[in-house]
Amino acid sequence: MRKIPEPGPTMLARKYTVTMHRKSLSPSRKEILRNVANKDALLCCLTERIDKEVLEKAGPKLKVISTLSTGYDHIDIQEAKKRGISVTFTGEVLSEATADLTFALILAISRKVVPADKYIRQKKWRAGWSPDLFLGSNVYGKTLGLIGAGRIGRAVARRAKGFNMEVIYHNRRRLETKLEHEMGAKYVEMDTILRESDFLSIHANLNTESSYMIDESKLKHMKNTAFLINTSRGQLIDEKSLIKALKNRWIAGAALDVFEREPLETNSPLIRMENVVLLPHIGSATCQVRSKMSEIAAQNIIGILEGGKTPFMVK
Ligand code: DGY
């Protein structure tokens, strides 16, 4: 298990013999393969790829893989199932915090919060208030498009009401009328959401069908004044095409908490661009949420090892 916040490690250490990767960095592939053998349970993060090779090394004793995340696209679920291993996740505990961060990104990119802060720190603010200093775009009253209407998408929609935004959404399946009503959002086709959104925010799960769902052709359909926001998974967007879109001003900007490859390579063109805000995958990073995730991840292991059950099982 990788070093994670409390209380999970203590909960597990009270009951079992725990092998923990003590450094805060992710263990290397070699270290994972060496340490996974002969364990009953594996607690991992989304930074560790748990594939056939790892499961083979683990051997027949492994009963549960508990990931300290809501997403589980880093785990070969089919292979785990074949071997009778339960895979568990941390449920929806991060939805509100991720929705908060989505709004932080919407506001930061449209109101130029990051460059304005830098401007003061770089001691460039000499002239006081100025009529054209850091002119941004309105958020209030604009159209917010949500791709994905799970708990996070819906939590973002609730926040958008306070900004008097018009909310439209696209999802694999249209929501029931009652949910749509609560969300205050109108269902539209992909073409419409691309064409009409001033802010397009991605809240879809990553899988083989959704990978690269935002590609060059989709970016070309967006307004050139629109902003793209992503707090889900980097692989949902073709990053090369996004860079092209930003360079050519097909869209006005992007605010990203997730990337195709993490950490973002230091030579990525995104780093040199002005019309982007970049965050290091911190959607769920509040003390309260991470501690709850740690508790659930540990409880998932205990639940499976002691009684074969937990409410947070990947089906
Ligand atoms: C998750 O849990 O899937 C988030 O991306 C990180 O907390």
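**Two parallel sheets and a ligand site**

Seven strands of this predicted model form an open sheet with parallel pairing, in the order β6-β5-β4-β7-β8-β9-β10.

Colleague: Which strands are the edge strands of this sheet of 7 strands, and what is the average twist?

Modeller: In the order β6-β5-β4-β7-β8-β9-β10, the strands that pair on one side only are β6 (185-187) and β10 (276-278). From one strand to the next, the twist averages 20°.

Colleague: How many bridges join β4 and β5, and which residue of β5 is the bridge partner of L146?

Modeller: Strand β4, residues 143-147, pairs with strand β5, residues 166-170, in the parallel sense, and the pairing runs over 5 bridges. Within this pair, the partner of L146 in β5 is Y169.

Colleague: Which helix packs on the sheet touching β4 and β5, and what angle does its direction make with that of β4?

Modeller: The helix that touches both β4 and β5 is α7, which spans residues 151-161. With angles running from 0 to 180 degrees between N-to-C directions, the direction of α7 and that of β4 make an angle of about 170°.

Colleague: Turning to the sheet of 3 strands, why is one side of β1 and of β3 left without a neighbour?

Modeller: This open sheet has parallel pairing and the order β1-β2-β3. Because β1 (41-44) and β3 (86-88) stand at the edges, one side of each has no neighbour in the sheet, each strand having a single partner strand. The average twist from one strand to the next is 15°.

Colleague: Which residue in β2 stands opposite L43, and which helix packs on this sheet?

Modeller: Strands β1 and β2 (residues 64-67) pair in the parallel sense over 4 bridges, and L43 has S66 of β2 opposite to it. The packing helix touches β1, β2 and β3, its direction makes about 165° with that of β2, and this helix is α12 (residues 287-307).

Colleague: Which residues surround the ligand, and how do the residues of the shell divide by polarity?

Modeller: Around the ligand stand L46, S69, T70, G71, L94, R233, H281, S284 and M293. By class, the residues of this shell divide into 3 nonpolar, 5 polar and 1 charged.

Colleague: Which residues place a polar atom 2.6 Å, 2.7 Å and 2.8 Å from an oxygen atom of the ligand, and what share of the ligand's accessible area does the protein cover?

Modeller: A polar backbone atom of T70 is 2.6 Å from a ligand oxygen, whereas for R233 it is an N or O atom in the side chain that lies 2.7 Å from an oxygen of the ligand. For H281, a polar side-chain atom is 2.8 Å from a ligand oxygen. Of the 230 Å² of accessible area that the ligand has on its own, the protein covers 88%.

Colleague: Where are the cis peptide bonds from E6 to P7 and from E262 to P263 found in the fold?

Modeller: Most peptide bonds are trans. The bond from E6 to P7 is cis with omega near 10°, and P7 lies in the segment before α1 (8-13). The bond from E262 to P263 is also cis, with omega near 0°, and P263 is in the loop between β9 (253-256) and β10.

Colleague: What is the phi of Y212, and where does this residue lie?

Modeller: Most residues other than glycine have a negative phi. Y212 is not a glycine, yet its phi is positive, at about 60°. Y212 has its place in the loop between β7 (199-202) and α10 (216-221).

Conventions:
Residues numbered from 1 in each chain as written. Predicted model: local features only at pLDDT ≥ 70, side-chain atom pairs only at ≥ 80, totals over all residues. Heavy atoms only, no water. Near = heavy atom within 4 Å. Polar contact = N/O pair within 3.5 Å; in protein donor to acceptor, adjacent residues only side chain to side chain. Areas by Shrake-Rupley, 256 points an atom, 1.4 Å probe, with all protein chains shown as cover. Nonpolar A, V, L, I, M, F, W, Y, C, P; charged D, E, K, R; others polar. Pairing = 2+ DSSP bridges. Contact = heavy atoms within 4.5 Å.
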